[in-house]
Every structure is written in structure tokens, then in C-alpha cells.
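Me: I would like to go through this model with you. Could we begin in its interior and work outwards?

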Amino acid sequence: MPKNKESGFKYIKPKPINKILLLLRDEILELLTYKNDRGHWYDIQKDWERTKTDLVSRSTDKLDKDNILKDDLYKVDTELLQIATFGRILQTDDEDKIKNLPRLHLPYFMKQSLGASFKDLYDINTQKAYLKIDEKNEKFVSHTDHKVKSS
């Protein structure tokens, strides 16, 4: 980090946006391997605020700064997955109940059908299913080559 000798300040060097986007993408792909839709059904903002402390947030230690970046990327990843899965970033009230869903709407994972065959979507991972559909249709952006295969 460049330091101004006269004032003692250090300047934060910006990171390339493409590098951040690739980090976000890789983290999202990892989250999809072990979290289903239900795993994102919470208020990430409240959870994230509980983990932040001024001591760590204002630290100049490289490990602390790396952890802050990792935590912030995780928050953004979760928010992006919530937008894709629930159409919004979830917010909760004082009793931790989701408060910002449209009236009379439920998330897809709460759907159960009783027809010719019983179908319980409680453990569904819709974004992982969409990735498989995109892979099949060759619209998937590989996490190794970061290029769109077709449109």
C-alpha cells in the first residue's frame, strides 16, 4: 500500500473489478455445492453486522484485511443468490421473521404438491439446477476459462 511520507497516510490501491467478479463467481459456485435455497433464507445484513467489530474492521494487519475482503465477498455472494432465488435481499424483523416478501408469497422451497406423486421441494437448490440447464445448453461460463461458450 503506497504511503505518503509527509502525512503518514497509506492509500488503498483499487483491485481490478474483473478480479473481484471472478472471486464472487467462484465463491457462488462453491456455495451452491453445499447450500440449498433454504440455506439462504435469512437476513445476511444482520448476520454480517454481528460479525463486524471496529477492532478487526479498522485493523491494518494483512490477515485481518484479507478476512474482511472474504467476509464482504461472502455477503455479496449471498445477496446475489437471494436476489436470484427469492427476487430480493431478505430482511427480518425483531423476531427474525422475513418481512419483505410480497403479500401471500412463499419461497419455492416451501412448495409441496399432492398429485399423482408427492413432491417435496424443501431441499431444492434451484440455482444449481439452473447451472445444470445452462451447462446442457452450453451457455455455462466455465470457472476455469471464464469465457462464454455460446449465447
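Reply: This is a predicted model. A suitable starting point is Phe-109, which is buried, with a relative accessible area of 2%.

Me: Which aromatic pair does Phe-109 form with Phe-86, and what is its geometry?

Reply: Phe-86 and Phe-109 are arranged edge-to-face, with 6.4 Å from centre to centre and 70 degrees between the planes. The pair links distant parts of the chain, as Phe-86 belongs to helix 4 and Phe-109 to the loop between helix 4 and strand 1, 23 residues apart. Both Phe-86 and Phe-109 are buried.

Me: How many aromatic pairs are there in total?

Reply: The count comes to four aromatic pairs. One of them joins Trp-41 and Phe-109, again edge-to-face, at 5.6 Å centre to centre and 80 degrees between the planes. Trp-41 sits in the loop between helix 1 and helix 2, and Phe-109 in the loop between helix 4 and strand 1 (112-114), so this pair ties together parts that are 68 residues apart in sequence.

Me: Is Trp-41 buried, partly exposed or exposed?

Reply: Trp-41 counts as partly exposed, at 22% relative accessibility. The cut-off for buried is under 20% relative accessible area.

Me: Which residues form the aromatic cluster?

Reply: One aromatic cluster is formed by Trp-41, Phe-86, Phe-109 and Tyr-122.

Me: Let us turn to helix 4. What are its length and span?

Reply: Helix 4 has 25 residues, and the distance from its first C-alpha to its last is 36 Å, close to the 36 Å expected at 1.5 Å a residue.

Me: What is found at the two ends of helix 4?

Reply: At the N-terminal end, Asp-61 acts as a cap: one of its side-chain oxygens lies 3.2 Å from the backbone nitrogen of Leu-63. After helix 4 comes Gly-87, which has a positive phi, near 80 degrees.

Me: Which residues of helix 4 are buried, and what covers them?

Reply: The buried residues of helix 4 are Ile-68, Leu-73, Lys-75, Asp-77, Thr-78, Glu-79, Leu-81, Gln-82, Thr-85 and Phe-86. The cover includes helix 1 (17-34), helix 2 (44-51), helix 3 (54-57) and helix 5 (126-136).

Me: Thr-85 is on that list. What does its side chain make a polar contact with?

Reply: The side chain of Thr-85 makes a polar contact with the side chain of Gln-127, at 3.5 Å. Leaving aside neighbours within four places in sequence, Thr-85 is in contact with Asp-37, Thr-126 and Gln-127.

Me: And Ile-83, is it buried or partly exposed?

Reply: Ile-83, also placed in helix 4, is partly exposed, with a relative accessible area of 42%. Not counting residues up to four places away in sequence, Ile-83 touches Arg-88 and Ile-89.

Me: What about helix 1? Which of its residues are buried, and what do they pack against?

Reply: In helix 1 the buried residues are Ile-20, Leu-24, Arg-25, Ile-28, Leu-29, Leu-31 and Leu-32. These buried residues pack against helix 4 and helix 5. Helix 1 itself has 18 residues and reaches 26 Å from its first C-alpha to its last, close to the 26 Å expected at 1.5 Å a residue.

Me: Back to the loop between helix 4 and strand 1. Which residues there have a positive phi without being glycine?

Reply: Asp-96 is one of them, with phi near 60 degrees, and it lies in that loop. Leu-104 also has a positive phi near 60 degrees and is placed in the loop between helix 4 and strand 1. Leu-104 is exposed, with a relative accessible area of 80%.

Me: What is the overall arrangement?

Reply: The protein has five helices and two strands, in the order α-α-α-α-β-β-α along the sequence. Of its 151 residues, 24% are buried. Among contacts between residues at least 6 apart in sequence, 57% join residues at least 24 apart. The protein exposes about 11,600 Å², of which carbon and sulfur atoms supply 54%.

Me: Where does pLDDT stay under 50?

Reply: It does so over residues 146-151, for which the model has 14 contacts beyond four places in sequence. Where pLDDT is low, the predicted coordinates should not be read in detail. For the protein, the mean pLDDT is 86, and 86% of the residues reach 70 or more.

Terms used
Residues are numbered from 1 along each chain as its sequence is written. Side-chain values use heavy atoms; hydrogens and water are left out. A polar contact is a pair of N or O atoms within 3.5 Å; within protein, one must be able to donate a hydrogen and the other to accept it, and residues adjacent in sequence count only if both atoms are side-chain atoms. Contact means heavy atoms within 4.5 Å. Helices (H or I, at least four residues) and strands (E, at least two) are DSSP runs, numbered from the N terminus. The expected span of a helix is 1.5 Å times one less than its number of residues. Buried means under 20% relative accessible area, exposed over 50%, partly exposed in between (1.4 Å probe, protein chains only). Accessible areas come from the Shrake-Rupley method with a 1.4 Å probe; for residues, only the protein chains shown count as cover. pLDDT is the predictor's confidence in each residue, from 0 to 100. Rings of Phe, Tyr and Trp (its six-membered ring) pair if their centres lie within 6.5 Å; planes under 30 degrees apart count as stacked, over 60 as edge-to-face and the rest as tilted.
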